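Here is a short, friendly walk through one protein model. Keep the sequence and the 3D view open as you read, and look up each spot when its name comes up.

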Amino acid sequence: MQPTTIESSETTMSGIDPKLKPRLRRRSTFEYVAWVVCSLIGIGLLISVSTNPNFKWDVVLKYMTYETILRGLMLTIFLTLASMALGTLLGLALAVMRSSSIKPVAATAGAYITLFRGTPVLVQLIFWFNVSALYPNLSIGIPFTNIGTAIDMNALMAPITAALVGLTLNEAAYMAEIIRGGFSAVGKGQIEAADSLGMSGSMKMRKVIIPQAMPSIIPATGNQFIGMFKETSLVSVLGVAELLQSAQLIYARTYETIPLLIVASLWYLVMTLLLSYPQSKLEQKYSRATSRLPRKAKKVVLTDPEGIAR
Amino acid sequence: MSNDGTIHARAIRKSFGPKTVLKDIDLDIASGEICCIIGPSGSGKSTVLRCINGLEAVDSGVLKVNGEDFGYYETDTAYHALSPKKLAEQRTRVGMVFQQFNLFPNMTALENVMAGPVLVKGADKKASAKRAHELLASVGLAGFGDYYPAQLSGGQQQRVAIARSLAMDPEIMLFDEPTSALDPEKVGEVLMVMQDLAKKGMTMVVVTHEMGFAREVADTLIFMDDGYVVERGDAREVLRNPKEPRTQAFLEKVI
């Protein structure tokens, strides 16, 4: 009988050295079925979308860069940026208030967050648009004196103002919870170390707590940003000519409803994809503290033998 | 008024909820004294340290650090809490080294050491950086300034933490089990730095399980159990010849 060694199989099984043979992944039957089914569905959809004349792709193409649409897009971008910026600032203030050890301050922030997270943003938008029914005149001044000024609420709460106020106040409530969550992720030992160095409350916040809370706040804020971009479509109910409302204005005239909704959707999609890039960059930046390479590694001047404890 | 690194405590009491962790603690630590506190876990030794640094407020009793009432000012009828600003000022004169190092992970080693002088005392950045480099060199970490804490070993992190506390020029240094979270082979490098510090005349209070350090470096030793100071005395004397049965039982187990 032949002694069965590893070497002997080399000669019996083709010419390839068995040590160099690739190892192949096992594919289940389900995988093949999934490929076939999904491909069929994909092809079917593609054929339907490209052959159905009602999609009117030429109309979609024509309106993609139509001036009204682009102006609407600009307004959508403005509303997103402005309400996110203001909402984050207000949210930060609310988060700091909510973490306060002074009861009334924490309770005020808590009540705000409950109220604005607990009601639909669409209702809030319509409410701010109609707030002049509640307070016809907004007067700013020092109580019990004549100093001050009154503003006509109806004029102040133009659709865009109402949209901005509504989105900002709503966003602030969500951002406050995100930021507070980030704060509580910072270890107790960090705060004690800062305390033992004699750091003041605001110094601790700026130099120790916020920088360390960032890695958990940033990705969530990115999601909020993308969500906000789509949420702005709600303000179309106030008659603000943002992206969706601009599309609606056109199809109200031309009855090309679906093509214009596709135009708006494509723009929302493009912007969402563009926004996810800076988000991943920011995430990288804030994960630096745990990266393995020293920052400015080249600037290190070695005056003594490295790290030798005497 | 003396501000030369003394700690005096009389009848300090501290409770967390229903649990009393410190029961009438008296302490007298002279300037330049190296005092080790030993005892089983839960005996209140870390709490004593945290009270001296103001991380915990004592419930009652007299606590004078650097010759001043710590965290409070005395009137005829009561002790009133100091403003956060004044408390912070007192804290800058007491350095604290933690078991878990607690370096700021968002700052490099150099920035950690500079944090106190620059952010709290408003010192000049350049001068502070120079001083920080010197301090890092003095703990054997020259050239490690640009590393983040995550890139350093436990022993290196703890040495940075010591340098960070020293940067504030404190009169007193407190060590809360500084080597308990370290690999056994990294313990020596931290103890060596502490020994150097002791030679320079710093007042040090060290909560530790390192009996060797206590024997070689400490002047006095305090044994705590269940919130009481059970025994105190000359470090070598207590370790060699403990008087209280509770101390004897404890030392038998750890040595």
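## Salt bridges in chain B

Arg131(B) has a relative accessible area of 29%, so it counts as partly exposed. One thing to keep in mind from the start: this is a predicted model. Which residue does Arg131(B) pair with in a salt bridge? The partner is Asp169(B), and the closest N and O atoms of the two are 3.3 Å apart. This pair ties together distant parts of the chain, 38 residues apart: Arg131(B) sits in helix H4 (residues 125-138) of chain B, while Asp169(B) is in the loop between helix H5 (154-166) and strand S9 (172-176). Asp169(B) has 47% relative accessibility, so it counts as partly exposed.

Now try Asp28(B) and Arg10(B), whose side chains meet in a salt bridge at 2.8 Å, N to O. Here the link runs between two strands of chain B, with Asp28(B) in strand S2 (residues 19-29) and Arg10(B) in strand S1 (residues 7-16), 18 residues apart. Asp28(B) is partly exposed because its relative accessibility is 38%. For Arg10(B) the relative accessible area is 39%, so this residue is partly exposed.

Next come Glu68(B) and Arg93(B), with side chains that meet in a salt bridge at 3.2 Å, N to O. These two are 25 residues apart: Glu68(B) belongs to strand S5 (residues 68-69) of chain B, and Arg93(B) to the loop between helix H2 (84-91) and strand S8 (94-97). Is Arg93(B) buried or exposed? Its relative accessibility is 18%, under the 20% cut-off, so Arg93(B) counts as buried. If you're wondering about the idea behind such pairs, side chains of opposite charge can pair when their charged atoms come close. Over all chains, the structure holds 24 salt bridges.

## Two unusual backbone angles

Most residues other than glycine have a negative phi. Asn102(B) goes the other way, with a positive phi near 55°. You'll find Asn102(B) in the loop between S8 and helix H3 (109-120) of chain B. Why does Asn102(B) count as buried? Because its relative accessible area is 10%.

We've already met the other one: Asp169(B) has a positive phi too, near 50°. That's the residue in the loop between H5 and S9 of chain B.

## Chain A at a glance

Over to chain A, which has twelve helices and two strands. Follow the chain along its sequence and the pattern reads α-α-α-α-α-α-β-β-α-α-α-α-α-α. Of its 310 residues, 34% are buried.

Two of the buried ones are worth a look. Ala172(A) is in helix H8 of chain A, and it counts as buried because its relative accessibility is 0%. Its C-alpha atom is 8.0 Å from that of Leu92(A), although the two residues are 80 apart along the chain. Leu260(A) lies in helix H12 (residues 257-286) of chain A, and with 0% relative accessibility, it counts as buried. How far apart in space are Leu260(A) and Phe30(A)? From C-alpha to C-alpha it's 39 Å, and in sequence they are 230 residues apart.

## A nonpolar patch on the surface

Which residues form a nonpolar patch on the surface? They are Val33(A), Val37(A), Ile41(A) and Leu45(A), and together they have about 350 Å² of accessible area. Val33(A) is part of helix H2 (residues 29-51) of chain A. This residue counts as partly exposed because its relative accessibility is 44%.

## The second largest pocket

Last stop: the second largest pocket, which holds about 570 Å³ of space. It is lined by 20 residues, and the closest to its centre are Ser99(A), Ser100(A), Lys204(A), Met205(A) and Ile209(A). Three helices of chain A each supply at least two residues of the lining: helix H8 (159-184), helix H9 (188-196) and helix H10 (201-231). What classes of residue make up this lining? There are eight nonpolar, five polar and seven charged residues.

Definitions and conventions: Residues are numbered from 1 along each chain as its sequence is written. Chains are lettered from A and ligands numbered from 1 in the order in which they are written. This is a predicted model: local features need pLDDT of at least 70, side-chain atom pairs count only at pLDDT 80 or more; totals for chains, interfaces and linings use all residues. Side-chain values use heavy atoms; hydrogens and water are left out. Patches are made of residues with over 30% relative accessible area and no salt bridge: like charges are joined within 9 Å, nonpolar side chains (Val, Leu, Ile, Met, Phe, Trp, Tyr) within 5 Å. Accessible areas come from the Shrake-Rupley method with a 1.4 Å probe; for residues, only the protein chains shown count as cover. A salt bridge is a side-chain nitrogen of Lys or Arg within 4 Å of a carboxyl oxygen of Asp or Glu. Helices (H or I, at least four residues) and strands (E, at least two) are DSSP runs, numbered from the N terminus. Buried means under 20% relative accessible area, exposed over 50%, partly exposed in between (1.4 Å probe, protein chains only). On a 1 Å grid over the protein atoms alone, a cavity is a set of points where a 1.4 Å probe fits but cannot get out, and a pocket is an open set with protein on both sides within 12 Å along at least five of seven lines; lining residues have an atom within 4 Å of a point. Grid points are joined across faces, edges and corners, and a volume is the space filled by probe spheres set on the points. Ala, Val, Leu, Ile, Met, Phe, Trp, Tyr, Cys and Pro count as nonpolar, Asp, Glu, Lys and Arg as charged, and the others, Gly among them, as polar.
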